[in-house]
Amino acid sequence: MIGARIGERVRIIAGIPAFQNQRGTVLKISEPVVAAKTVRVEALLEMPLHVVALDDGRHFRFRGRDLEPEQ
């Protein structure tokens, strides 16, 4: 799910039991913390960080691979 967009509804598929199958909305796509600009671009393309607001009001960050579009 590398191509998530702000406002998109997602389901969390991370291996963290407390979040498994929770649903929420992408609020922000965060910048990775890296040593060089060239590495930053690679990090964003590989696994961007998404700030997701869950339906119960909690906010957490997940990597793109931890999310899938809500169906």
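Which residues make up the largest nonpolar core? In this predicted model, the set is A4, V10, I12, A14, F19, V26, V52, L54, F62 and L67, ten residues in all. Two strands each supply at least two residues of this core: strand 1, spanning 9–12, and strand 3, spanning 49–54.

Now step back to the whole fold. The protein has one helix and five strands. Along the sequence they follow the pattern β-β-α-β-β-β. The radius of gyration is 12 Å, and the globule rule gives 11 Å for 71 residues, so the protein is as compact as a globular protein of that length. The C-alpha atoms fill a box of roughly 35 × 25 × 20 Å along the principal axes.

Contacts across the sequence come next. Take the contacts between residues at least 6 apart in sequence: 46% of them join residues at least 24 apart. One core member shows such partners in detail. V52 touches V10, V26, F62 and L67, among others, and these four belong to the largest nonpolar core, as does V52 itself. The contacts of V52 also include G24, T25, R58, H59 and F60. Neighbours up to four places away in sequence are not counted here.

Next, the surface. Buried residues make up 32% of the 71 residues. The accessible surface comes to about 4600 Å², and 55% of that belongs to carbon and sulfur atoms. On the charge side, there are 11 positive and 9 negative side chains. The centres of these two sets lie 4 Å apart.

Two strand residues round out the picture. Start with R9, which lies in strand 1. Is R9 buried or exposed? Its relative accessible area is 31%; that lies between the 20% limit for buried and the 50% limit for exposed, so R9 counts as partly exposed. Beyond its neighbours within four places in sequence, R9 is in contact with R23, G24, T25, D55, P69 and E70. G24 and T25 are also on the contact list of V52. R9 and L54 are 45 residues apart in sequence, yet their C-alpha atoms are 9.6 Å apart in space.

Then take S30, placed in strand 2, residues 23–30. Why does S30 count as buried? The cut-off for buried is under 20% relative accessible area. S30 has 8% relative accessibility, so it counts as buried. Which residues does S30 touch, leaving out those up to four places away in sequence? They are L44, L49, V51 and R61. Of these, L49 and V51 fall within strand 3, residues 49–54.

Conventions
Residues numbered from 1 in each chain as written. Predicted model: local features only at pLDDT ≥ 70, side-chain atom pairs only at ≥ 80, totals over all residues. Heavy atoms only, no water. Helix = DSSP H or I, 4+ residues; strand = E, 2+ residues; numbered from the N terminus. Rg over C-alpha atoms; globule rule 2.2 N^0.38 Å. Buried < 20%, exposed > 50% of the residue type's maximum accessible area, 1.4 Å probe, protein only. Contact = heavy atoms within 4.5 Å. Areas by Shrake-Rupley, 256 points an atom, 1.4 Å probe, with all protein chains shown as cover. Lys, Arg positive; Asp, Glu negative; His and termini not counted. Charge placed at Lys NZ, Arg CZ, Asp CG, Glu CD. Core = buried A, V, L, I, M, F, W, Y, C linked by side-chain atoms within 4.5 Å.
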